[in-house]
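Here is a friendly walk through one protein model, written for someone who would rather be at the bench. Have the sequence and the structure open as you read.

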Amino acid sequence: IPVCAGCNQHIVDRFILKVLDRHWHSKCLKCSDCQAQLADKCFSRGDNVYCKDDFFKRFGTKCAACQQGIPPTQVVRRAQDFVYHLHCFACIVCKRQLATGDEYYLMEDSRLVCKADYETAKQREADSTAKRPRTTITAKQLETLKNAYNNSPKPARHVREQLSSETGLDMRVVQVWFQNRRAKEKRLKKDAGRQRWGQYFRNMKRSRGSSKSDKDSIQEEGMDSDAEVSFTDEPPMSELGHNNIIIISL
């Protein structure tokens with residue numbers, strides 16, 4: 001007697017269902033997801049059986065927006081290689097469902113933005129990143145700031161407020177001017193230190209070179225002096241039996 005793959009009980013019914021080489025009671029053959037009883041057709045994956053809708057929801061084409069499966073009979077929208085449910089084909093900003101003929105922008109993560117919201121966002125981004133107008137500081141204002149800097153490179157808040165009132169400059173401009181001035185002086189001191197040490201090492205190199213040349217010249221002079229007073233161990237000419245050669249003409 002066959003055993004039902006669903007309830008593990010013997011099947012004594014008149015009719016036996018056979019799926020995936022396994023036997024089932026007619027009442028036990030159900031979709032693994034929705035538990036709907038399967039009579040005419042079923043789909044399987046692994047040891048589980050599914051109805052058509054649930055099978056394609058799990059293993060069919062996925063909607064690029066909600067990542068849920070799309071049944072093959074359902075109407076869809078496409079954008080390049082992405083597929084969407086009709087209700088998922090909508091702008092992520094205003095949530096408006098996009099229809100045929102609507103202009104939109106497809107983002108890198110497959111999200112959709114309608115043209116109006118995209119251009120609004122771009123304009124806001126451009127406005128936020130726009131450069132602030134440069135502030136022109138007059139000679140009189142600059143002199144006041146320099147005098148204050150000489151007194152204190154890091155003035156307190158009440159001093160900056162007073163400078164802002166005296167010069168007519170915005171307090172933020174005064175603060176940035178002092179920051180830039182301190183950074184400039186720090187950079188100049190650093191460059192001056194590099195130049196000073198560079199000159200020091202160049203002088204050291206030159207002095208070492210001149211000392212070496214003086215030493216070489218002294219050694220050369222010593223060699224000349226030794227040559228003048230050099231001695232030889234050769235015996236005198238008389239000891240060698242040296243005789244003068246006389247040439248006689250016939």
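The report below starts with the whole chain and then turns to particular strands, cysteines, helices and loops.

## About the model

Please keep in mind that this is a predicted model: local features need pLDDT of at least 70, side-chain atom pairs count only at pLDDT 80 or more, and totals for chains, interfaces and linings use all residues. Residues are numbered from 1 along each chain as its sequence is written, and side-chain values use heavy atoms, with hydrogens and water left out.

## The whole chain

The protein has 5 helices and 8 strands. Helices (H or I, at least four residues) and strands (E, at least two) are DSSP runs, numbered from the N terminus. Going along the sequence, their order is β-β-β-β-α-β-β-β-β-α-α-α-α.

Of the 250 residues, 20% count as buried. Here buried means under 20% relative accessible area, exposed means over 50%, and partly exposed is in between (1.4 Å probe, protein chains only). The accessible surface is about 20100 Å², and carbon and sulfur atoms supply 50% of it; such areas come from the Shrake-Rupley method with a 1.4 Å probe, and for residues only the protein chains shown count as cover. Among contacts (heavy atoms within 4.5 Å) with a separation of 6 or more, 19% are between residues 24 or more positions apart.

## A hairpin and its histidine

Strand E5 (residues 76-79) and strand E6 (residues 82-85) run antiparallel and are joined by 4 bridges; two strands pair if DSSP finds at least two bridges between them. Together they form a hairpin with 2 residues between the strands, and Gln80 in the turn has a positive phi of about 55 degrees. Within the pair, Val76 stands opposite His85.

Is His85 buried or exposed? His85 counts as buried, at 7% relative accessibility. Setting aside neighbours within four places in sequence, His85 is in contact with Cys63, Cys66, Gln68, Gly69, Ile70 and Gln74. Another link across the sequence is Ala64: its C-alpha atom and that of His85 are separated by 8.5 Å, with the two residues 21 apart along the chain.

## Cysteines without disulfides

A disulfide is a covalent bond between the sulfur atoms of two cysteines. Counting pairs of cysteine sulfur atoms within 2.5 Å, the model comes to 0 disulfides.

Why is Cys88 not bonded to Cys63? The sulfur of Cys63 is the closest cysteine sulfur to that of Cys88, but at 3.8 Å it is too far for a bond. Cys94 tells a similar story, since its closest cysteine sulfur, in Cys91, is 3.7 Å away and also too far for a bond. Cys88 is buried at 14% relative accessibility, while Cys94 is partly exposed at 37%.

## Two helices with a buried side

Helix H3 (residues 139-151) has 13 residues, which should span 18 Å at 1.5 Å a residue; its end C-alpha atoms are 19 Å apart, in agreement. The expected span is 1.5 Å times one less than the number of residues. Gln141, Leu145, Ala148 and Tyr149 are buried in H3. These residues cover an arc of only 105 degrees around the axis, so they are on the same side of H3; the arc is that of the directions from the helix axis to the C-beta atoms. Ala139, Lys140, Glu143, Asn150 and Asn151 are exposed on the other side.

In helix H4 (residues 157-167), the buried residues are Arg160, Leu163, Ser164 and Thr167. They fall within an arc of 100 degrees seen down the axis, and therefore line one face of H4. His158, Ser165 and Glu166 are exposed on the face turned away from that buried side. After H4 comes Gly168, with a positive phi near 80 degrees.

## Loops worth a look

Most residues other than glycine have a negative phi. Gln67, in the loop between helix H1 (52-59) and E5, has a positive phi near 65 degrees. Ser110 also has a positive phi, of about 70 degrees; Ser110 lies in the loop between strand E7 (104-106) and strand E8 (112-114) and is buried at 8% relative accessibility.

Ala90 sits in the loop between E6 and E7 and is buried, with a relative accessible area of 15%. Not counting residues up to four places away in sequence, Ala90 touches Lys95, Arg96, Gln97, Leu98 and Leu112. The C-alpha atoms of Ala90 and Val113 are separated by 7.6 Å, and these residues are 23 apart along the chain.
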